[in-house]
Amino acid sequence: MARLIILGSGAALADASRDNTYMVLQGRESSILIDCGGSPLHKLQALGVDLNSLDSLIVTHHHPDHIYGVPVLLLGLWLYGRQEPFHIFAPQRSVAAITSIMDALEWQDWPGRMPVAFHEVEMRVGHRVIESPEFEITTAPVEHHVPTIAVKVMSRESSKTVVYSSDTEPCGALARLAQGADILIHESTGDYAGHSTSAQAGAMARRCGAGKLVLIHFTALDSELEGLRRAAEAEFDGPVELAEDFAVYPLQRPSSGA
Ligand SMILES: [Zn+2]
């Protein structure tokens with residue numbers, strides 16, 4: 001059964017309870033990371049995700065909190081003995097940033113390293129980046145300080161859809177990608193250019209007709225969390241949750257009870 005697991009739910013400023021935002025899509029046959037923060041192999045193994053099933057990474061943009069885990073991810077997969085190619089899907093600027101970092105770390109000198117294939121994502125709504133027996137994954141360019149994509153995952157088994165906004169201010173491209181999404185995982189960094197407040201995330205969930213809103217990418221004191229939720233609920237009638245590190249979202253339909 002496919003599921004999406006939040007590996008980190010915090011903004012660029014991580015704190016004691018929230019790592020930087022990234023997540024993994026775990027399927028029966030394959031698993032896909034979306035963005036890459038700290039200690040990915042530690043977290044994946046702690047969660048029971050088979051490293052042999054991990055075949056790709058989608059990077060939404062090249063801000064440090066979204067890509068700093070890539071070097072240790074690739075190092076770890078190589079040390080784990082991976083032979084098969086590993087695939088990285090990302091905007092062109094993110095591909096350039098990752099290859100620069102890896103070149104600086106002299107990855108060409110890692111003997112027997114698995115091949116890493118980079119795939120540049122087209123900056124248009126509905127670009128299909130991955131089509132596998134289990135998932136169809138499409139993207140859309142969103143409004144942030146650098147070229148950034150939102151990511152939509154559809155489970156072929158259930159047709160359930162989850163959209164992750166990445167970092168963005170409200171924009172039409174995200175609304176189109178996320179139209180009718182079962183779950184919208186939306187950033188709520190706050191009132192800053194290139195970002196969204198939780199109220200704006202709520203308004204986007206309403207605009208898309210989302211089934212559920214999950215707020216992510218926030219830094220907040222415990223005493224402020226209810227306020228974040230209430231501001232979103234004032235804009236959106238559906239259920240609103242605050243993402244937690246290691247929260248699990250199954251991509252199946254609730255059983256009919258029959
Ligand atoms: Zn960013």
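Helices, such as the one that opens the third exercise below, are DSSP runs of at least four residues, numbered from the N terminus. The exercises concern a predicted model.

**Exercise 1. Describe the overall build of the chain, and explain how its radius of gyration relates to that of a compact globule.**

Solution. Begin with the inventory of elements: the chain contains seven helices and 14 strands. Next, take the dimensions, for the C-alpha trace spans about 55 × 45 × 35 Å along its principal axes. Then turn to the radius of gyration: a compact globule of 258 residues would have a value near 18 Å, and because the chain has 17 Å, the two agree. Two further values complete the picture, since 46% of the 258 residues count as buried, and, of the contacts with a separation of 6 or more, 61% are between residues 24 or more positions apart.

**Exercise 2. Work out how the strands are arranged in sheets, and state which strands stand at the edges.**

Solution. Take one open sheet to begin with: seven strands follow one another in the order β6-β5-β4-β3-β2-β1-β14, with mixed pairing. Its edge strands are β6 and β14 (248–250), each of which pairs on one side only, and the twist from one strand to the next averages 20°. Within this sheet, strand β2 (residues 22–26) pairs with β3 in the antiparallel sense over four bridges, and Q26 has S31 in β3 as its bridge partner. Helix α4 lies across β5 (86–90) and β6, running at about 130° to β5.

Now take the other open sheet, in which seven strands stand in the order β7-β8-β9-β10-β11-β12-β13, again with mixed pairing. Here β7 (127–131) and β13 (240–242) are at the edges, and because each has a single partner strand, one side of each is left without a neighbour in the sheet. Neighbouring strands of this sheet are turned against each other by 20° on average, direction ignored. Strands β11 (residues 183–187) and β12 (residues 212–216) run parallel and are joined by five bridges, and H186 has L215 in β12 as its bridge partner. Helix α7 (residues 222–233) packs on the sheet, where α7 touches β12 and β13 and makes an angle of about 155° with the direction of β13.

**Exercise 3. Locate helix α6, list its buried residues, and say what covers them.**

Solution. Helix α6 (residues 198–208) lies across β11, β12 and β13, running at about 150° to β11. A residue counts as buried if 20 or more other C-beta atoms lie within 10 Å of its own, and in α6 the residues S198, Q200, A201, G202, M204, A205 and C208 are buried. To read such a list, recall that an α-helix has 3.6 residues a turn, so residues three or four places apart point the same way. The cover over the buried residues of α6 includes α5 (172–177), β11, β12, α7 and β13. After α6 comes G209, which has a positive phi, near 65°.

**Exercise 4. Identify the residues with the most contacts inside the largest nonpolar core, and trace the neighbours of L184.**

Solution. The largest nonpolar core has 69 residues, and those with the most contacts inside it are L184, L213 and L215. The largest share of this core, five residues, comes from strand β9 (residues 148–155). Leaving aside residues up to four places away in sequence, L184 touches V163, A178, M204, A205, C208, A210 and L213.

**Exercise 5. Decide whether I5, S39 and E106 are exposed or partly exposed, and give the setting of each residue.**

Solution. The cut-offs needed are these: a residue with 12 or fewer C-beta neighbours within 10 Å is exposed, one with 20 or more is buried, and one in between is partly exposed.

- I5 lies in strand β1 (residues 3–8), and because I5 has 19 C-beta neighbours inside 10 Å, this residue counts as partly exposed. Residues up to four places away in sequence not being counted, I5 touches M23, V24, Q26, L47, F246 and V248.
- S39 lies in the loop between β3 (31–34) and α1 (40–46), and because 16 other C-beta atoms are within 10 Å, S39 is partly exposed. The phi of S39 is positive, near 45°, although the residue is not glycine.
- E106 lies in the loop between α4 (92–104) and β6 (116–120), and because E106 has 8 C-beta neighbours inside 10 Å, this residue counts as exposed. The phi of E106 is positive too, near 55°, in a residue other than glycine.

Methods:
Residues are numbered from 1 along each chain as its sequence is written. This is a predicted model: local features need pLDDT of at least 70, side-chain atom pairs count only at pLDDT 80 or more; totals for chains, interfaces and linings use all residues. A nonpolar core is a set of buried Ala, Val, Leu, Ile, Met, Phe, Trp, Tyr and Cys residues joined through C-beta atoms within 7 Å. Helices (H or I, at least four residues) and strands (E, at least two) are DSSP runs, numbered from the N terminus. Two residues are in contact if their C-beta atoms, placed from the backbone, lie within 7 Å. The radius of gyration is taken over C-alpha atoms; the globule rule is 2.2 Å times the number of residues to the power 0.38. Two strands pair if DSSP finds at least two bridges between them. Axes are lines fitted to C-alpha atoms, for helices over the stretch in contact, and angles run from 0 to 180 degrees between N-to-C directions.
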